[in-house]
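Me: I have a structure open on my screen and would like to learn how to read it. Could you take me through it, one feature at a time?

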Amino acid sequence: MSAGRGTKALGAYALERLVNAVPLVLGVIVVNFLLISLAPGDPVTALIGEFPAPPEYVERVRAQYGLDQSVPERLARYLGSVVRGDLGFSFANRQPVLDLVAQRLGRTLLLMLTTVVLATFVGVVLGVWAARRPNSAVDGGATGFALAGYSIPEFWLGQILILVFAVWLGWLPAGGFRSIRAEYVGLDAVWDQARHMILPVLALSFRYMAITTRLTRASLLEVMNADYILAARARGLSERRVLWEHGLRAAALPIITVIGYNFSFIVAGSALVETVFGWPGVGRLMYDSIFTRDYPVLLGILLLVSITVILVNLVTDIAYALADPRVRY
Amino acid sequence: MTASPPARSPGASGGDVVLELRAVTTEIRSTRGRVRPVDGVSLTVHAGEVVGVVGESGSGKSMTAFSVLQLFPTKAARVIAGEVLLAGRDLLTLRPEALRRVRGREVAMIFQDAASYLNPVLTVGAQIEQQLQAHDMARGAQVRVAELLRDVGLTPEVAKRYPHELSGGQCQRVGIASALACSPALVIADEPTTALDVTIQAQVLRLLARLQREHDLALLLITHDLGVVAEVCDRVYVMYAGQIVEEAPVERLFAEPQHPYTQGLLAGVLDLLDPKPIQAAIKGSVPDLRDPPSGCRFHPRCPHVMPRCSSDVPPLVLRGETRSACWLHDEADASQGTPT
């Protein structure tokens, strides 16, 4: 931090960004709401099932959930309740949406944060390694790994991992959040949880490791050609210090940006991975809600995802401002 | 090649030889071929002496400067022959760690575009402190940084600033402070004022000249600006197409340039006191070094070209206080009947 800027300015900036996000979130709610009301399928049919119910009964259920009203009326009511902190009631789960989503959000965040940390760590280490010896075997390996990471879809990788490590080798559980049959306490419980996380985290993080590896390599290679790297060498700094204190410090800027950017995609990826591994998180809930036309839950999840993305963007921008003294805010 | 015996340089100040380049050749390899931007260059710098290297863009003067510490803007460049003697020790034979200890401590560099030679995400103070740490001078580094900044006409408060918060002139002052940080024996300045505004150029140049005197530095100054040469240099080497074509004490060079290339360079300088029309200085441009001209490399552009110029390479020959590489002098000497 230079003398002219302090944490106070940064705090004011964050607050301003948060205030500005409010209309954005409202817009997101409206668009999501309209999109869902355009989507095919009828929650009442999904609720009653493929049962030839008398039309009067169908109408009664429809009225009971307020689905007989026009779209603008329903939107107005939904917005009104969201502002009061009420995300509605789940048709399918017979539970307030907020409780339902909040209970599962923690599990998804556990998966996502672990993924971000792992992908960033492995990606940066591999990227630096590759950039130090461009066109070497290490570099070729890292590039091949990155290509594979880009090309392999998470859900396919997840299934292959289950097949290899759970079915064939039997090393790790095929899915679930923790062991249901045994009751673990203390460290055993942590280990049990970790064992259940390994495969989903691997499946989810592979792509982001690849992206981070490639970006770190490219960014570092570019930075290491900069004039100030030559100058740092001319001042007698060792190659190690040139790399870590000058190179990576400057190369970190695009890496920070892409980590924030990845986060939004990891949200989407986690829906697929949670489905494959039966991980009872928000992604899995979203998948189920789409099938049961459980619109309030779907809307609630989309809202929370939007807020998460906006917050992560804000955190990214703040991290960027801290890392790059040239950024003005 | 112009390699000549390491004779006592003319006009030398008499101090000890700090730096001596002997027939240094630097090569850049690329997919398009091999280029030798520095081809058999020999030069000496004595203690307390300011030595200029002048030439057009592409003459190899900056690559000569980079060859001393073997730090090049491109990985494809390498010194392939010759000796770089710093107080008698050949830097070309040093192991990487020993060479690192020379860089920034015994030999420091000042670069052209100072702002781009400072890391934008580190404060300037941190960058000078790193240099002190790298040479085991971490103790009292902050005090030393403040002292250095004051020495180059900046306030110690500048240490907390980032490069983008400083002007080009201030950045170059920081560059000079960093060069002086470890009290080096030799400073190599590569076009230190070229990227600056004219008024700032004069300030920075005066600063450099003052510090050189105060610290009794040996200074190797790379420039294309003959005004700069006239102002601060004691002795000058003129480079053309990777080779040295003339060497002279600065006043001799301006009074009586011997090589046609030097004459052309000087003719290109506007003389305000003698407002005759400027002559077209030198026709054509620097040759492509992938395939340098045969014989004297200047012969395709030389106004006095003779048949032998395209076949034989002229050696550097001492006449008076000037050494130059041109067959014309041979002809002149021959016609006067005096053997060289």
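**Reading the chains, feature by feature**

Reply: Happy to. In chain B, 47% of the 340 residues are buried. Keep in mind as we go that this is a predicted model.

Me: How many helices and strands does chain B have?

Reply: There are 10 helices and 12 strands in chain B. As for its contacts with a separation of 6 or more, 65% join residues 24 or more positions apart.

Me: Let's take strands, then. In what order do the four strands of the open sheet in chain B lie?

Reply: The general idea comes before the case. Strands of a sheet pair through backbone hydrogen bonds, and the pairing is either parallel or antiparallel. Here the order is S2-S1-S4-S5 in chain B, with antiparallel pairing. At the edges are strand S2 (33-46) and strand S5 (89-90) of chain B, each of which pairs on one side only. Strand S1 (residues 17-30) of chain B is joined to S2(B) by nine bridges, in the antiparallel sense. For a pair to find on your screen, try B:Leu19, whose bridge partner in S2(B) is B:Val45.

Me: Which helix packs on that sheet?

Reply: Helix H1 (residues 61-69) of chain B does, touching S1, S2 and strand S4 (77-86) of chain B. The direction of H1 makes about 75° with that of S2(B).

Me: Now for helix against helix. What describes two packed helices?

Reply: Two values do: the angle between the axes and the distance between the axes. Try it on H3(B) and helix H5 (residues 168-180) of chain B, which pack at an angle of about 20° with their axes 10 Å apart. Angles under 35 degrees count as roughly parallel, so H3(B) and H5(B) are roughly parallel to each other. The crossing of H3(B) past H5(B) is right-handed.

Me: Which residues of H3(B) and H5(B) meet?

Reply: From H3(B) come B:Val124, B:Gln127, B:Ile128 and B:Gln131, and from H5(B) come B:Val174, B:Ala177 and B:Ser178. Sorted by class, this contact has four nonpolar, three polar and no charged residues.

Me: And at what angle do H5(B) and helix H6 (residues 198-215) of chain B cross?

Reply: They cross at roughly 15°, and their axes come within 10 Å. That makes H5(B) roughly parallel to H6(B), and H5(B) passes H6(B) in a right-handed crossing. Among the residues making the contact are B:Gly168, B:Gly169 and B:Ile176 of H5(B), along with B:Val204, B:Leu207 and B:Leu211 of H6(B). By class, the contact of H5(B) with H6(B) divides into seven nonpolar, five polar and one charged.

Me: Let's move to the interface. How many residues of chain B are in contact with chain A?

Reply: On the chain B side there are 28 residues, in contact with 22 residues of chain A. Two elements of chain B give two or more residues to its side: helix H2 (96-102) and helix H3 (124-134). H3(B) provides the largest share, three residues. The classes on the chain B side are 12 nonpolar, eight polar and eight charged.

Me: One residue to finish with. Why does A:Leu109 count as partly exposed?

Reply: Because A:Leu109 has 14 C-beta neighbours inside 10 Å, and partly exposed lies between 12 or fewer, for exposed, and 20 or more, for buried. You will find A:Leu109 in helix H5 (residues 97-132) of chain A. Its C-alpha is 9.6 Å from that of A:Ser270, although A:Leu109 and A:Ser270 are 161 residues apart in sequence.

How values were computed:
Residues numbered from 1 in each chain as written. Chains lettered and ligands numbered in written order. Predicted model: local features only at pLDDT ≥ 70, side-chain atom pairs only at ≥ 80, totals over all residues. Contact = placed C-beta atoms within 7 Å. Nonpolar A, V, L, I, M, F, W, Y, C, P; charged D, E, K, R; others polar. Axes fitted to C-alpha atoms, helices over the stretch in contact; angles between N-to-C directions. Parallel < 35°, antiparallel > 145°, perpendicular 65-115°, else oblique. Left-handed = near helix turned anticlockwise from the far one by under 90°. Pairing = 2+ DSSP bridges.
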